[in-house]
Amino acid sequence: MTHPRHGKLEWPLVVIFAAGVIAIVWICIAAAATPAAAPTLSISNGMANLLEVNPMITLKTPAPSFTLTDQHGKRTSLRDFAGKAVVLTFGDDKCTDLCTLLAQDVVAADHDLGKSASDVQFVSINANPFYPTTDDTSQWTNQHGLRATSNWHFLTGSPATLARLAKAYGVDIELDHKTKSIVHGTDLFFIDPAGEEVQIGQFGVESANTSLYAHAMAQLAVDTLPVGGSVHVTGPSTSSKQSTSTALGEIAPPVELPQLTTRVPISTATYRGKFVVLNFWASSCPICTHELPALEKASAATGKKAVTLGVDVSDAAAPAHELVSKSGVTYPMLSDASGTTAAQFQIPGLPYTVILDPKAKVVVRHPGSITTEQLEYLLQTLETQGG
């Protein structure tokens, strides 16, 4: 028989023990529920708006793993980038528009990173199952000026694997089996050195402003490193938001840019009273180079009622000069070195043609390549309508 005193002593001990177990369990649960320390983000609100990220929220979600083949034929996995910051996209190795801007931004971001470039890896997973070979990704890399960028990796695999990874990352891909073309999401995944997604941004029309978008992309990537916000990459940090609209029907502000070869500035205001054809292009855009003869022919045919101005976007000077020289183009070529004008006109990809009427109103926005016949027809129609 238990002594009544012992009973009185035993009950509090049980309660204390149970309370201790509960406390230990609660501490464990609380520790498990507490997220790892978020990286210090030093990007400004303007840069966050460019990337379409919320710097106040840090995801810390494990990124889906992958093992694919890069443009050099080397097997590459997410584990290979452990300890590095990764900027991950899904790209189309037959892309002829938006992807050109992505390549330009990667080159510019790499430049801004300076000594930190080795700590940041730019990775793109092929989204096009119709062209899954390394020859395809290698060709795209070379055409878009990324051949010498050592921290650029264009990965590919079997169509089934590519589809599985797109689904795992939540990237929408629409396939057109007839034309073997795709439309894909423009998500931008920022993955920290531990392999966790920290932010998911978007690659859209603001990315045309290469100097700003690339800087923001580089800074956010560096912010995911252990050094966090203590490292500031070079480059501008202001917002690219424009106060004026260049949508259809709006009066476009005057565009003044230096000529590509002479550096003498030209302003669209000089051509008031004429239609102005602004053709946005780059030497790293294959479809742009094929379009130049058509624009030259149309320019010669419509010279009395319209002026054609080429706008070279975020391009390296040497290849741009060489291309213009070989193409025989005689209409003025302007240099939009930072992509500011392209961003102002909300250019979503290259090539892109904008037509202003004699009063500088935006009357045509034409994505993709344009033929001589199309351009002549558009100008004739606009003139007939009293544009």
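**Close-up 1. Strand 8 in the wall of the second largest pocket.** In this predicted model, strand 8 is the top contributor to the lining of the second largest pocket, giving 3 residues. Helix 3 also takes part, as helix 3 and strand 8 each put at least two residues into that lining. The full cast is Asp92, Lys94, Cys95, Thr96, Asp97, Leu98, Cys99, Ile182, Val183, His184 and Thr186. Sorted by class, that makes 5 nonpolar, 3 polar and 3 charged residues. The space inside comes to about 160 Å³.

**Close-up 2. The two faces of strand 8, and its partner strand 7.** Zoom in on strand 8 (residues 181-184) and you can tell its faces apart: Ile182 and His184 sit on the covered one, Ser181 and Val183 on the uncovered one. That fits a simple rule: in a regular strand, side chains alternate between the two faces of the sheet. Strand 7 (residues 173-176) pairs with strand 8 in the antiparallel sense, over 4 bridges. Who stands opposite valine 183 of strand 8? That would be glutamate 174. The two strands make a hairpin, with 4 residues between them. Look in the turn for lysine 180, which has a positive phi of about 55°.

**Close-up 3. The largest pocket and the residues around its centre.** This pocket has a volume of about 340 Å³. Its lining counts 21 residues, and those closest to the centre are Gln104, Val107, Ser314, Asp315 and Ala316. Which helix supplies the largest share of the lining? Helix 3 does, with 6 residues. Helix 3 (98-113) and helix 6 (210-223) each bring at least two residues to the lining. By class, there are 8 nonpolar, 11 polar and 2 charged residues in this lining.

**Close-up 4. Serine 314, a positive phi beside the largest pocket.** Serine 314, one of the residues closest to the centre of the largest pocket, has a positive phi of about 45° despite not being a glycine. You'll find serine 314 in the loop that runs between strand 14 (306-313) and helix 8 (317-327). Is serine 314 buried or exposed? Its relative accessible area is 12%, so serine 314 counts as buried, the cut-off being under 20%.

**Close-up 5. Serine 267 at the end of strand 12.** Strand 12 (residues 265-267) is home to serine 267. With a relative accessible area of 12%, serine 267 is buried. What does its side chain reach? The side chain of serine 267 gets to the backbone nitrogen of alanine 269, at 3.1 Å. Leave out the neighbours within four places in sequence, and serine 267 is in contact with Pro254, Val255 and Glu256.

**Close-up 6. A cis peptide bond ahead of strand 16.** Leucine 350 and proline 351 are joined by a cis peptide bond, with omega at about -5°. Proline 351 belongs to the loop between helix 9 (340-344) and strand 16 (352-356).

**Close-up 7. Alanine 360, on the other side of strand 16.** Here the view moves to the loop between strand 16 and strand 17 (362-367), where alanine 360 lies. Its phi is near 75°, a positive value in a residue other than glycine. Alanine 360 is also buried, because its relative accessible area is 7% and the cut-off is under 20%.

Conventions: Residues numbered from 1 in each chain as written. Predicted model: local features only at pLDDT ≥ 70, side-chain atom pairs only at ≥ 80, totals over all residues. Heavy atoms only, no water. Buried < 20%, exposed > 50% of the residue type's maximum accessible area, 1.4 Å probe, protein only. Polar contact = N/O pair within 3.5 Å; in protein donor to acceptor, adjacent residues only side chain to side chain. Contact = heavy atoms within 4.5 Å. Pairing = 2+ DSSP bridges. 1 Å grid on protein atoms, 1.4 Å probe; cavity = no way out; pocket = protein on both sides within 12 Å on 5 of 7 lines; lining within 4 Å. Points joined across faces, edges and corners; volume = space filled by probe spheres on them. Nonpolar A, V, L, I, M, F, W, Y, C, P; charged D, E, K, R; others polar.
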